Each structure stands twice: as structure tokens, then as C-alpha cells.
Amino acid sequence: MKYLRQLKPNQLKNKTCLLRVDLNIESPEKDAFRLQAVLPTIKFLTKNGAKVVILSHRGRPQGRESRLSLKPFAKILSRLLGKEVRFADRIKSFPAGDIVLLENLRFFPEEEKNDRQFAKKLASLGDIFVNDAFAVSHRANASVEAVTEFLPSYAGLLLEKEIENLDAVMKRFKKPLVIILGGAKVSDKIGLINNFLGKADCFLIGGAMANTFFALQGLPVGDSFYEKIKLDGKITREIGEKIILPVDAVIYKRKILDIGRETAKEYGDIVKKAATIIWNGPMGMFEDKKFAKGTEKITTAVFKNRKAGVVIGGGETVASLNKIDLRFKIPAYPTGRQDSRIFISTGGGAMLEYLAGKKLPGIEALKKR
Ligand code: 3PG
């Protein structure tokens, strides 16, 4: 794989770089993390004299849904970069400018079809292609995969960091390796559980995921959300062994909405002794303060463990970190500058797939070039 970082200034000067980022951000105010994460590569390119065409999708639009336009991001990026970012509504009427942001690529149906002609049209806008969108690299989309057929293609600074940090917890982790899993669905995380079953010392389960495990054991879950799925014997045999379930819970109107105090203490004690931690998914419905304590306690334990290498990911987990008034510094974007032990991934589904050992089309495409 070729990395943008390795290019010399004379290889970038006066070139136009097609830069794929992930601006799949619902609200720029609430999700500053993903927004900040796109800045270093744009700055690197402009500092080295390149022009930049920024490409991204936003949401899952059915046609041109104006609420999912990327237009507001041109202003926001201009402010954050201190440079004008012009907005291109369509590929045809492309404005001149040092930095141009193209409209939500999912407004073009060809994007998700990985259409080669569309990719070629995008490629005609630049001289080189840089993928800095780890979070969408699990999608075989035209601006992620097919485009690499038409331009010299490189991994951006963020993508490089993501791969480096995820590879570290997958291949060079220290034991004990503790994996904290929460959020809604077990089905999203089966791949990760399978891939780490032989390596991890334990999985600490919280969030609605725990309900699915309870239900599988025939325990009552009231009106709580759970999935009616069958799990492999390899996984079920580890329940109560490597797969640790909550011993108590916060219940409201017949719903389990957070892990209980005893569980938070037990999980916190395990986290304290970990040498490597992977965390994806909050422990409860943290959006409501009444049900945020479990997630808060786990956050505190993770950030207080000064020895462990930590990878945290998933949109909701990062949102929960932002909500919690931490005495511990969370890096504004994943450069790891403030605390190099802790890496916060911008990936949701992409991080889960990568940690499940799957090959991501966006990354594989770069390896071929
Ligand atoms: C994400 O937020 O995980 C990525 O932007 C991918 O979005 P998608 O699941 O809609 O493809």
C-alpha cells in the first residue's frame, strides 16, 4: 500500500488530490470528532501545494434529500481550515478553487453500485486519489473502491493511523486482553467475538446486547430489546466463562436500560488489570443521564488504567465519551497526541469488520495499486 505521508512536496505541488473522507455526520455540533478527524490530511495536502477535491457521503438518502446535503460542511470546513472551501452541487458545474467539497455522493445512485463509469468521471477531477475514509472502507462504493482503478492511489494520514492502531490490538496485543462490548446488537459483533475468542481473556457485555444473551439462557428480559438469534456453540460455551454478563441492572418500565452498580464495579476491576482494551458500544442508554452511570464508570476505569493500550470505536461509544465530563483528556481527533495509549477510531461498522478479520474493499483496493 502507498501512503500519502511518503510523498515528497514536489509530488504534490500543483496536483489536484481527490480526497475521500467520511463526513457521515448527523449534526456537526454534536459530532465534532469525525469532523476534526478529516482536517490533518487536508492541511497536509494544501501545505504541500496541492488542490483538494473533498468527496464524502452523508446518511442513506433516497435521491436528493436536502437535509442530507453536504453544503453546510463547506462553511464549517472553511472556518476550521481558515481557507475558503467551495461547494460543488454537481460534477458538471465544477467551481475552481483550492479546496472544493462535492455534494453527497449518495445523491448519485452510481456511487453505491461501485459504478466504473461514475468512478472514472470522479477520477477526471483529480491527478491522485487519497482514501482517508476508514469509516466507509467496508463499502465497495465507487469513490472508495472503483476510483482506485483510474488514479495513483494512497492511504491518507487518518486511514494509516486507523490501520496501525487496529493492527496493534489484533496482532501485537499484550495480555490480559479485555474486550468491552455494548450497544444494541450481538449480530453486529459476532465476527469480532469469533475472531477474538481464542485471544481475548474476557468479553465484558453490556447494553442491549446483554439482553440477547440473557434471553438465550431463558432468563426474563421484560420488555427490553433483544435479538432472537441462534449462536454458535463455540460462543455459547463461553457464556459465564470468557463471556461475562451483568450480575445486576437498572430497570425502568420493565426495560433493562443500564448495567447495575455491582456489574460496573466488577467490570471496572477487570479493566484495571487489563494490558490491552478494545471497547465498542455503550453499557446502557447513556443519552438519558439516569441510565448513563454504567458507561461513565467503565469510561473512568478505562481512562484511569494508565498502562493499557486502548482502542475505542463506534459512533455511539464516541458520542458517550463526548457526553461524559471527563477529567481525562480525549484527543480531539485520533492522532493520539494527548494520550498515545488511547486510540479512538472513527469507524463504526468498518472497525467491527476490520477487527472481525474481514478484508475491507477500500483497503484491499489500495493494496492492489
Ligand atoms: C458509518 O457511519 O459507519 C459510515 O459512514 C458508513 O455508513 P453506512 O453504514 O451508511 O454505509
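Start by selecting Phe134 in this predicted model: its relative accessible area is 1%, so Phe134 is buried, well under the 20% cut-off. Now add Tyr354 to the selection. Tyr354 counts as buried too, at 14% relative accessibility. Show both rings as sticks and you have an edge-to-face aromatic pair, with 6.1 Å from centre to centre and 75 degrees between the planes. Colour by residue number and you'll see that this pair links distant parts of the chain. Phe134 sits in the loop between β5 (128-131) and β6 (153-155), while Tyr354 belongs to helix α13 (residues 349-355), 220 residues apart.

That's one of 3 aromatic pairs in the structure. For another, select Phe108 and Phe118. Their ring centres are 5.5 Å apart and the planes meet at 35 degrees, so this pair is tilted: an angle under 30 degrees would count as stacked and one over 60 as edge-to-face. Phe108 lies in the loop between β4 (99-102) and α5 (116-123), and Phe118 is in helix α5 itself, so the pair ties together parts 10 residues apart in sequence. Switch on a surface next. Phe108 is buried at 14% relative accessible area, and Phe118 is buried at 3%.

Keep Phe108 on screen and bring in Arg64. Arg64 lies over the face of the Phe108 ring, at 5.7 Å from the ring centre. A second arrangement of this kind is worth a click: select Phe196 and Lys199, where Lys199 lies over the ring face, at 4.9 Å from the centre.

Now go to the ligand. Which residues are around it? Select Asp22, Asn24, Arg34, His57, Arg60, Arg106, Ala135, His138 and Arg139. Colour that shell by residue class and you get 1 nonpolar, 3 polar and 5 charged residues.

Zoom in on the ligand's oxygen atoms and try some distances. Pick Asn24: an N or O atom of its side chain is 3.0 Å from a ligand oxygen. Go on to Arg34, where a polar side-chain atom lies 3.0 Å from an oxygen of the ligand. Then pick His57, which has a side-chain N or O atom 3.0 Å from a ligand oxygen.

Before you leave, put a surface on the ligand. How much of its accessible area does the protein cover? On its own the ligand has 310 Å² of accessible area, and the protein covers 86% of that.

How values were computed:
Residues are numbered from 1 along each chain as its sequence is written. This is a predicted model: local features need pLDDT of at least 70, side-chain atom pairs count only at pLDDT 80 or more; totals for chains, interfaces and linings use all residues. Side-chain values use heavy atoms; hydrogens and water are left out. Rings of Phe, Tyr and Trp (its six-membered ring) pair if their centres lie within 6.5 Å; planes under 30 degrees apart count as stacked, over 60 as edge-to-face and the rest as tilted. Helices (H or I, at least four residues) and strands (E, at least two) are DSSP runs, numbered from the N terminus. Buried means under 20% relative accessible area, exposed over 50%, partly exposed in between (1.4 Å probe, protein chains only). A charge sits over a ring if NZ of Lys or CZ of Arg is within 6 Å of the ring centre and within 35 degrees of the ring normal. A residue is near a molecule or strand if one of its heavy atoms lies within 4 Å of it. A polar contact is a pair of N or O atoms within 3.5 Å; within protein, one must be able to donate a hydrogen and the other to accept it, and residues adjacent in sequence count only if both atoms are side-chain atoms. Accessible areas come from the Shrake-Rupley method with a 1.4 Å probe; for residues, only the protein chains shown count as cover. Ala, Val, Leu, Ile, Met, Phe, Trp, Tyr, Cys and Pro count as nonpolar, Asp, Glu, Lys and Arg as charged, and the others, Gly among them, as polar.
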